[in-house]
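Colleague: I have a model open and would like to work through some of its contacts and strands. Shall we take them one at a time?

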Amino acid sequence: MTTPIVVYGAGGHAKVVLDILRLNSLEVVAVLDDEPTKTGLHFGGCPISRASAALAGLMQQKIPAVVAIGDNTLRAQAAQRILNAGGHLHTVVHPAAVIGSDVTLGAGTVVMAGVVINAGAAIGANVILNTACSVDHDCSLGDHTHISPGARLGGQVHVGAYTQIGIGASVLPGITIGSHVVVGGGAVVIHPIPSHAVAYGVPARVHRMKNETNNR
């Protein structure tokens, strides 16, 4: 017997999320998107509905939802719309992920194939743990973070909300990375990184600070 679920987002990231949902015997009953040009098109076998028009009715039916949007800020905004409509976020884990004891996963988090999360890690809400990344023991990740494919976090790493760790980046044990940070692909983080920073390189260095108003 399958369980119904709503997917919010109809882009490339959502294609991967749909695969994971179906592997978990979840039936995608609606796909929502904010882009009006996508309305009426089909995505993964489902017609796309305008989120602003369909979200409230679906959430009144108590159908769980997952946000399948890669951008941290847009994903957080979509998650808040779901909650405001009275819905709840569903946590999704690929069957090929390895999750250790005492790991906590926040609502709406998506864990993709090949991910390893070791004992004692605490993962916030609406987080993406992307393909084959690893989060070692006793790490903590804030809400709406994104750990990109192949990234590696050593033990006791702390990552703030809305931060993205780029593809193949490595973070040494015990490092603290602030909120709204971007760590570039392939970077090696050996020192703490403050909030709103853009850091990259080997070793990673802060190259600029983002505007704290729009975080761009």
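Modeller: The model is predicted. A polar atom of the lysine 210 side chain lies 2.7 Å from the backbone oxygen of histidine 180.

Colleague: Which side chain of opposite charge is nearest to lysine 210, and how far away is it?

Modeller: Lysine 210 sits in the segment after β24 (205-209). Lysine 210 is buried and has no salt bridge. A salt bridge needs the charged atoms within 4 Å. The nearest side chain of opposite charge is that of aspartate 71, at 8.9 Å.

Colleague: What is the bridge partner of tyrosine 200 in β24?

Modeller: Strands β23 (residues 197-200) and β21 (residues 182-183) run parallel and are joined by two bridges. With β24, β23 pairs in the antiparallel sense over four bridges. In β24, the partner of tyrosine 200 is arginine 205.

Colleague: Which residue in the hairpin of β23 and β24 takes a positive phi?

Modeller: The hairpin has four residues between its strands. The residue with a positive phi, near 105°, is glycine 201.

Colleague: Which residue of β4 stands opposite valine 31?

Modeller: Strand β2 (residues 26-33) has six of its eight residues buried. β2 runs parallel to β1 (residues 3-8), with six bridges, and β1, helix α1 (residues 12-23) and β2 make a right-handed β-α-β unit. β2 also pairs with β4 (residues 46-50) in the parallel sense, over three bridges. Opposite valine 31 in β4 stands isoleucine 48.

Notes. Residues numbered from 1 in each chain as written. Predicted model: local features only at pLDDT ≥ 70, side-chain atom pairs only at ≥ 80, totals over all residues. Heavy atoms only, no water. Buried < 20%, exposed > 50% of the residue type's maximum accessible area, 1.4 Å probe, protein only. Lys, Arg positive; Asp, Glu negative; His and termini not counted. Polar contact = N/O pair within 3.5 Å; in protein donor to acceptor, adjacent residues only side chain to side chain. Pairing = 2+ DSSP bridges. Right-handed = clockwise from strand over helix to strand, strands pointing away.
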